[in-house]
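Student: Could we go through this one together? I'd like to see how the labels are earned.

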Amino acid sequence: MIEPNPKADLLRYLQEARDALVWKLDGLSDYDIRRPLTPTGTNLLGLVKHAAGVELGYFGDTFARPFFDEEPPSWWYTEDAEPNSDMWAAADESREDIVGLYRQAWEHSDSTIAELTLDTVGRVPWWPEERQEVTLHHLLVRVISDTQRHAGHADIVRELIDGSVGSLQGRDSMPPGDEGWWEDYRSRLERVAREAGG
């Protein structure tokens, strides 16, 4: 009989989302991982940087386990930080720096998750006072949702860059079809959209 282990289940889905997000950087140039490919500037390296910050905030500061011993980086979530500075990497922030920070965030988060019970209550300092108290379980679900959402953004951005698709390395989860099949499929969808749009 399989014993339920909610914490292990949640961690598995969080790690899958983390891995997918980092994998989307593989094989791309520094330019391509930073390219803003939406009107709001969505880019692959920025998504990874943002995800690192989310984990360090929710699984660190919320449970009085801050990651930064001294002064946090200038992009950290303070009143003085430039708006949206967690969503892109400056020229002097390398891929290795950002991915390294994200992997350190995983270790920090995983340590918090391992040491606390799912019903442990923390305080999210940047939320409104009346909503600041929250359980570890709630934040795990929230961070999984956020990371999966950004992994989906990364799927689309990566496809726009070089046509690569798939949810995880070695598991593309796409129906079979060569380039011609996909061109026909896309053309069909375009025709249907035009018909439906009048």
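Tutor: Sure, here come a few labels and the reasoning behind them; keep in mind that the model is predicted.

Student: Why is the pair Glu55 and Arg18 called a salt bridge?

Tutor: The closest N and O atoms of Glu55 and Arg18 are 2.8 Å apart. The cut-off is 4 Å, so the pair qualifies as a salt bridge. Glu55 sits in helix α3 and Arg18 in helix α1, so the bridge ties together parts 37 residues apart in sequence. Both also belong to a salt-bridge network with Asp110.

Student: How do you know whether Arg18 is buried or exposed?

Tutor: Its relative accessible area is 0%, and buried means under 20%, so Arg18 is buried. Glu55 also has 0%, so buried again.

Student: What about Asp155 and Lys24?

Tutor: Their closest N and O atoms are 3.0 Å apart, which makes a salt bridge. Asp155 is in helix α5 and Lys24 in the loop between α1 and α2, 131 residues apart. Asp155 has 27% relative accessible area, so it is partly exposed, while Lys24, at 3%, is buried.

Student: What makes Glu129 exposed, when Arg123 is called partly exposed?

Tutor: Glu129 is at 56%, and exposed starts over 50%, so the label fits. Arg123 is at 36%, between the 20% and 50% limits, so it counts as partly exposed. Their side chains meet in a salt bridge, 2.9 Å from N to O.

Student: And which element gives the largest share of the largest nonpolar core?

Tutor: That's α3, with 7 residues, in a core of 24.

Definitions and conventions. Residues are numbered from 1 along each chain as its sequence is written. This is a predicted model: local features need pLDDT of at least 70, side-chain atom pairs count only at pLDDT 80 or more; totals for chains, interfaces and linings use all residues. Side-chain values use heavy atoms; hydrogens and water are left out. A nonpolar core is a set of buried Ala, Val, Leu, Ile, Met, Phe, Trp, Tyr and Cys residues joined through side-chain atoms within 4.5 Å. Buried means under 20% relative accessible area, exposed over 50%, partly exposed in between (1.4 Å probe, protein chains only). Helices (H or I, at least four residues) and strands (E, at least two) are DSSP runs, numbered from the N terminus.
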